[in-house]
Amino acid sequence: MSPHPTTLLPYSERIQLHTNPTAKRILEIMDRKKTNLAVSVDVTTAEEALEVVRRVGESVCMVKTHCDIIEDFTLAFSEELVKLSKELDFVIFEDRKFADIGNTVSLQYSSGVHKISSWADLTNAHSVPGPGIIKGLSTVGQPLGRALILLAEMSSSGSLAVDGYTKQTFQMAKDAGREFVVGFIAQSRIDTDISDGEDWLILSPGVGLAAKGDSLGQQYRTPKEVVGDAGADVIIVGRGIYGIKGGEQAVKDEAERYRKEGWKAYEERLQRQ
Ligand code: 5IU
């Protein structure tokens, strides 16, 4: 099979194919810092989370959070995260996986304890409720220049987000237009069409250089498999980096190792004409 045309374009040339400011910023950072690595910071205190971010910040284009697992979450924490995102040049992706009707998700996004829209550049949503979820989130996020990605596939075994569900999720994004929805969580580049200038960001979790999976259904592939073979843009790594034993320097070094692997896979992919 010939490679998908998007996978042959450098990140730098894809910036102009986007209108959403967050999507542009992601591609700019990737190109500037030579990184397609996102670190998923799934630790349970604010201090630990900020420590991981300080260690990996220089190596990443994106930091992914789950704000609801941080026991002592406050807006002071999110303010510090935003400060670090500016200093160390990365985008904040809150992996909230919204899944309710438009009215409810707009409140979950803007309000409550977390006020996600006030600090997260990017968030994500399930397509299962239908297009109202995009409308609800866009009323809050679009005026702020935020972006949304849809879950077209998941990395866990037995996921129901396959085949027709994946295709319909893609169609839902197309129908919504690319001002707010900028891409997908997926395991490979969905067969998208860039002949009319459409370019979607594909972010893939389930990436590990050591383990093949965990005992709860997670499945890992290498950066080469994900970026090189499957054509994804961003690799998302959690425990493989923040869970490494050996202290602060080991986490920093491991982030660099993944950054280099991800970047090598991208450079090799560009050669595959
Ligand atoms: N995550 C997945 N798979 C998915 C989606 C999100 O693993 O399909 I959508 C999240 C869960 C976790 C991170 O926050 O990505 C992966 O963490 P590990 O690299 O530690 O498995």
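This short presentation covers strand S3 and its neighbours, and then the salt bridges of the structure.

Good morning, colleagues. Please keep in mind throughout that this is a predicted model.

I begin with strand S3, which spans residues 91-98. Six of its eight residues are buried, so that the strand is mostly covered, given that buried means under 20% relative accessible area. On one side of the pairing scheme stands strand S2, residues 62-65, which runs parallel to S3 and is joined to it by four bridges. Within this pairing, Met62 lies opposite Val91 of S3. Between S2 and S3 the chain passes through helix H4, residues 75-88, and this β-α-β crossover is right-handed.

S3 also pairs with strand S4, residues 122-125; here three bridges connect the two strands, again in the parallel sense. Phe98 has Ala125 in S4 as its bridge partner. The connection from S3 to S4 includes helix H5, residues 102-110, and the three elements form a right-handed β-α-β unit.

I turn now to the charged side chains. The whole structure contains 20 salt bridges, and I shall discuss three of them.

The pair Arg54 and Glu80 has its closest N and O atoms 3.6 Å apart. Arg54 belongs to helix H3, residues 46-56, and Glu80 to helix H4, so the contact links parts of the chain that are 26 residues apart. Arg54 is partly exposed, at 38% relative accessibility, and Glu80 is likewise partly exposed, at 22%.

The second pair is Glu58 with Lys252, at 4.0 Å from N to O. Glu58 sits in the loop between H3 and S2, whereas Lys252 is in helix H10, residues 248-270; the two are 194 residues apart. Glu58 counts as exposed, with 57% relative accessibility, while Lys252 is partly exposed, at 32%.

What is the N to O distance in the salt bridge between Asp233 and Arg189? For this third pair, the value is 2.6 Å. Asp233 is found in the loop between helix H8 and strand S8, and Arg189 in the loop between strands S6 and S7, with 44 residues separating them. Are these two side chains buried or exposed? Asp233 is buried because its relative accessibility is 0%, and Arg189 is buried because its relative accessible area is 9%.

Finally, some salt bridges share partners: Glu51, Arg54, Arg55, Glu80, Lys83 and Glu248 are joined into one network in this way. Arg54 and Glu80, the pair with which I opened this part, are therefore among its members.

Thank you for your attention.

Conventions: Residues numbered from 1 in each chain as written. Predicted model: local features only at pLDDT ≥ 70, side-chain atom pairs only at ≥ 80, totals over all residues. Heavy atoms only, no water. Buried < 20%, exposed > 50% of the residue type's maximum accessible area, 1.4 Å probe, protein only. Pairing = 2+ DSSP bridges. Right-handed = clockwise from strand over helix to strand, strands pointing away.
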